[in-house]
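Dear colleague,

I am passing on the structure below, together with some notes on its nonpolar packing and its charged pairs. Please read the notes with the structure open beside them.

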Amino acid sequence: MNTYPAKVGAVVLAGGSVPVTLAPLCAHRALLRLNGRYLLEYLLDTLKGMPSVVETVIVAPDEALSELCELPGRKASAGATLVDNMRRGMRALSDFQPTHYLFATGDIPLVTVEGLEAYLQDSLASGAALTYPIIPQQASERRFPGAKRTYVRLREGTFTGGNVILTEARLLDDKHALIQELYNARKKPLALAGLLGWPTVLRMLLGTLTLPYLESVASRILGAPSRAIITPHAEIGFDVDKVDDLHAVERAMAAQTS
């Protein structure tokens with residue numbers, strides 16, 4: 001089991017293309033603004049408040065980085081794929097010799113120090129090489145009523161996924177191609193079945209899939225212990241993909257200051 005304190009390098013992934021509904025607001029996803037600040041800045045504030053995070057890097061297109069140069073942390077040019085961006089972020093922080101890397105998308109401005117620290121502590125306590133947060137539907141809908149999220153039904157309940165991943169520093173050394181395959185297949189049932197196996201997909205469709213079974217499949221595929229961390233901190237799973245999401249974030253921020 002890992003012991004705290006860990007040395008965590010935080011990689012903010014901001015290299016994705018701009019969703020159609022947000023395209024009128026920004027040329028690059030990393031440049032989306034809210035209340036006069038880049039959306040990224042809210043996440044950076046949270047990461048700065050985490051005692052175990054030794055340094056942060058923003059991975060974004062060069063055109064965006066030229067406008068983000070004043071933001072804290074290191075900068076790395078984005079590549080062509082998700083895993084390429086993960087690896088570029090890791091290389092940018094390698095001189096800190098992190099024990100773990102926390103990968104977070106740059107569009108989760110409501111995430112809190114409390115929520116990320118709780119996830120981090122639970123992840124370290126699990127002893128897993130890779131962890132992924134999942135949020136109960138009730139917690140998500142209570143925090144963001146009316147928001148549209150994608151849910152998966154398991155025996156233990158119905159959950160939506162988060163927008164962060166914690167890995168041991170060594171994990172991506174030889175698993176980057178597999179992780180990219182899993183990411184590419186996330187919305188393609190046939191491709192996913194080839195990676196996870198048809199029994200897993202069938203259990204998912206029948207609603208008989210359990211969390212321990214899913215963790216065992218992930219651990220087998222990755223060749224390393226993998227765990228899902230249940231968290232009530234719904235902000236971890238609320239990313240900004242459309243204008244309605246941006247308005248929901250604006251309302252949530254207004255409520256916090258009122």
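Which residues of the largest nonpolar core touch the most other members? In this model, which is a predicted one, they are Leu47, Ile58, Leu68, Leu102, Leu116 and Val164, out of the 50 residues that make up that core. Several elements contribute to it, for E1, helix H1 (39-48), strand E4 (53-60), helix H2 (62-65), E6, H4, strand E10 (164-168) and helix H10 (243-257) each supply at least two residues, and the largest share, 6 residues, comes from H1.

Leu102 may be a convenient place to begin looking: leaving aside its neighbours within four places in sequence, Leu102 is in contact with Val8, Gly9, Ala10, Val11, Leu47, Leu116, Tyr119, Val164, Ile165 and Leu166. Apart from the largest core lies another one, of 24 residues, which includes Val11, Leu130, Ala169 and Leu172.

Turning to the charged side chains, a search of the whole structure finds 11 salt bridges. As a general matter, side chains of opposite charge can pair when their charged atoms come close.

One of these pairs is Arg29 with Asp107, whose closest N and O atoms are 2.7 Å apart. This pair links distant parts of the chain, 78 residues apart, since Arg29 sits in the loop between strand E1 (8-13) and strand E2 (33-34), while Asp107 sits in the loop between strand E6 (100-105) and helix H4 (113-126). Asp107 counts as buried because its relative accessibility is 5%, whereas Arg29, at 21%, counts as partly exposed; the cut-off that separates the two classes is 20%.

A second pair joins Arg37 and Glu41, with the closest N and O atoms 3.5 Å apart. Here Arg37 has a relative accessibility of 26% and therefore counts as partly exposed, while Glu41, at 17%, counts as buried.

Arg170 and Glu168 form a further salt bridge, in which the closest N and O atoms are 2.9 Å apart. Arg170 is partly exposed, with 47% relative accessibility, and Glu168 is buried, its relative accessible area being 13%.

Finally, Arg149, Asp239, Lys242 and Asp245 are not to be read as isolated pairs, as these residues are linked in a network of salt bridges.

With best regards

How values were computed. Residues are numbered from 1 along each chain as its sequence is written. This is a predicted model: local features need pLDDT of at least 70, side-chain atom pairs count only at pLDDT 80 or more; totals for chains, interfaces and linings use all residues. Side-chain values use heavy atoms; hydrogens and water are left out. A salt bridge is a side-chain nitrogen of Lys or Arg within 4 Å of a carboxyl oxygen of Asp or Glu. Helices (H or I, at least four residues) and strands (E, at least two) are DSSP runs, numbered from the N terminus. Buried means under 20% relative accessible area, exposed over 50%, partly exposed in between (1.4 Å probe, protein chains only). A nonpolar core is a set of buried Ala, Val, Leu, Ile, Met, Phe, Trp, Tyr and Cys residues joined through side-chain atoms within 4.5 Å. Contact means heavy atoms within 4.5 Å.
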